[in-house]
Amino acid sequence: MSQTQLYPVVMAGGSGSRLWPLSRVLYPKQFLCLKGDLTMLQTTVCRLDGVECESPVVICNEQHRFIVAEQLRQLNKLTENIILEPAGRNTAPAIALAAMAIKRHNPTSDPLMLVLAADHVIQDEEAFRTSVRQALAYAESGKLVTFGIVPDLPETGYGYIRRGEVTPGKGEGLAFDVAQFVEKPNLETAQGYVASGEYYWNSGMFLFSAGRYLEELKKYRPDIYEACERAMNVTDPDLDFIRVDEAAFLACPEESIDYAVMEKTADAVVVPMDAGWSDVGSWSSLWEISAHTPEGNVHHGDVISHDTENSFVYAESGLVTTVGVKDLVVVQTKDAVLIADRNHVQDVKKVVEQIKADGRHEHHIHREVYRPWGKYDSIDAGDRYQVKRITVKPGEGLSVQMHHHRAEHWVVVAGTAKVTINDEIKLLGENESVYIPLGARHCLENPGKIPLDLIEVRSGSYLEEDDIVRFEDRYGRI
């Protein structure tokens, strides 16, 4: 095993629009439980069990920070290790921020970075770990390693890597010089790639030292390097987050690591990986990697199928039934339903584009919304009223706030609520309620050991979430 420190770097950006309606802008696929009981981000972190490494560094968008923090906290992996991007600038700048943070934390050494995506599925996790171990010696010698997936079919949705000569080195397994990165091919070209045995799928996973990556980035894209350096020069630690200078990072060019570094460097090598990998880029790919019924169906939730074949049926709330159909994808959430031919699911993103163009919100946010203190579910709404179910985690609380346009009525369903209205504090148990007048300064907390559930009824002339003035907030949202 390597004696050099190894830092996993998990990229958790992206929106995953092809997995709509489950994946949305404010809750994309990497934070969903699509396979098993853990989210894709959590599965990526747990996949490292058995690899000697530090706690992961996670790079995510500002608006996802509390989701990431909560999912890492559940794994006991939350160690002030989340880098926030003010806006997406693709993988080359994101990895540069992580490399600079790691170097700053280790000024006298040059740790290795294992760069992973938070939204990949790997079915043979031991094979994944074996490939990582085989790549360590090459990375320690100064190589920039990418992992090439051994293809089992002529996939047209992935880019490919053509291997060159065997790379001399002391690794436990073979590595090859990278001869060429190629874009997504048509079917005939992909068939030729697979038949040749010289091509791998481009996984988007990498292993190299932080210093070597920064050297090559500075050499080939000094503009990206300098923008990231300026952004990291003014960091603002905030709870478990590292905030970079927003103006400097927004000035950074948008570029992938492949274009910025890997296609230009003379030190790129590819280590083959045969581990049942998928980037779960569509509902059909999720169908392919899931357990099937004898009829070839995949069911999730409350589903009854009759005379149904080779279909993916997902029920989030309520019963979903299918009769006499095949090759369908049916996905039901609390506020949207998708029905698609399984062979045309790549076009789901066109529906998302239409929703966005129509000024709707179903592409952006779920009916159920997660917050650092818990979550809320918008149950009903009408003219001048809105009903929500609010869940507050034990020991957590909402900000001290007031509203200009709405009053609120809270009814406790389960747990205990500590409610502050102006200077008055009340403790409410089940079936007790309280009224919050318009303009009152108020706060809701859960002082108990179990989740607090309550029903909130809003009434007024304007009921949106942006009618809020925060005076105090334990999560730094002022």
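**Exercise 1. How are α3 and α6 oriented to each other: parallel, antiparallel, perpendicular or oblique?**

*Solution.* The model used in these exercises is a predicted one. Two packed helices are described by the angle between their axes and the distance between the axes. For helix α3, residues 91-105, and helix α6, residues 210-220, the angle is about 135° and the axes lie 9 Å apart. The next step needs the cut-offs: angles over 145 degrees count as roughly antiparallel, and those from 65 to 115 as roughly perpendicular. The pair falls in neither range, and α3 and α6 are therefore oblique to each other. As for handedness, the crossing in which α3 passes α6 is left-handed. On the side of α3 the contact is made by A92, I95, A96, A99, M100 and K103, while α6 brings A210, G211, Y213, L214 and L217. Sorted by character, the residues of this contact comprise nine nonpolar, one polar and one charged.

**Exercise 2. Describe how α3 packs on α7, using the steps of angle, handedness and contact residues**.

*Solution.* Begin with the geometry: α3 and helix α7, residues 222-233, pack at an angle of about 50°, and their axes are 9 Å apart. That angle makes α3 oblique to α7. The crossing of these two helices is right-handed, whereas α3 passes α6 in a left-handed crossing. Now list the residues that meet: α3 contributes A92, P93, A96, L97, M100, A101 and R104, and α7 contributes I224, Y225, C228, E229, A231, M232 and N233. The residues of this contact divide into eleven nonpolar, one polar and two charged. If you compare the residue lists, you will find A92, A96 and M100 of α3 both in the contact with α6 and in the contact with α7.

**Exercise 3. Which strands stand at the edges of the open sheet of six strands?**

*Solution.* Strands of a sheet pair through backbone hydrogen bonds, either parallel or antiparallel. Here the order of the six strands is β20-β21-β22-β29-β24-β27, and the pairing is antiparallel. Reading the ends of that order, one finds β20 (368-371) and β27 (433-436) at the edges; each has a single partner strand, so one side of each is left without a neighbour in the sheet. From one strand to the next, the twist averages 20°.

Next, follow the pairs within this sheet. The edge strand β20 is joined by four bridges to strand β21, residues 374-382, and the two run antiparallel. In this pair E368 stands opposite D377 of β21, and the hairpin that joins β20 to β21 passes through two residues. Strand β22, residues 385-392, pairs with strand β29, residues 452-460, in the antiparallel sense over eight bridges, and Y385 has S459 of β29 opposite.

**Exercise 4. What is the order of the open sheet of four strands, and what is its pairing?**

*Solution.* The four strands follow the order β14-β16-β18-β19, and their pairing is mixed. At the edges stand β14 (298-300) and β19 (337-341); each has a single partner strand, so one side of each has no neighbour in the sheet. The twist from one strand to the next averages 5°. To take one pair, strand β18, residues 328-332, runs antiparallel to β19, and five bridges link them; in this pair L328 stands opposite D341 of β19.

**Exercise 5. Where in the chain do P21 and V280 lie, and what is notable in their backbone?**

*Solution.* Most residues other than glycine have a negative phi, and most peptide bonds are trans. Against this background, first consider the bond that joins W20 and P21, which is cis, with omega about 10°; P21 itself lies in the loop between β1 (6-11) and α1 (40-46). Then turn to V280, whose phi is near 45°, a positive value in a residue other than glycine. V280 is placed in the loop between β13 (277-278) and α10 (283-289).

**Exercise 6. Which residue forms a salt bridge with E126, and how far apart are the closest N and O atoms?**

*Solution.* The partner of E126 is R129, and their closest N and O atoms are 3.2 Å apart. Both residues belong to helix α4, residues 125-140, where they are three residues apart, about one turn of the helix. In total, the structure holds 31 salt bridges.

Notes
Residues numbered from 1 in each chain as written. Predicted model: local features only at pLDDT ≥ 70, side-chain atom pairs only at ≥ 80, totals over all residues. Heavy atoms only, no water. Axes fitted to C-alpha atoms, helices over the stretch in contact; angles between N-to-C directions. Parallel < 35°, antiparallel > 145°, perpendicular 65-115°, else oblique. Left-handed = near helix turned anticlockwise from the far one by under 90°. Contact = heavy atoms within 4.5 Å. Nonpolar A, V, L, I, M, F, W, Y, C, P; charged D, E, K, R; others polar. Pairing = 2+ DSSP bridges. Salt bridge = Lys/Arg side-chain N within 4 Å of Asp/Glu carboxyl O.
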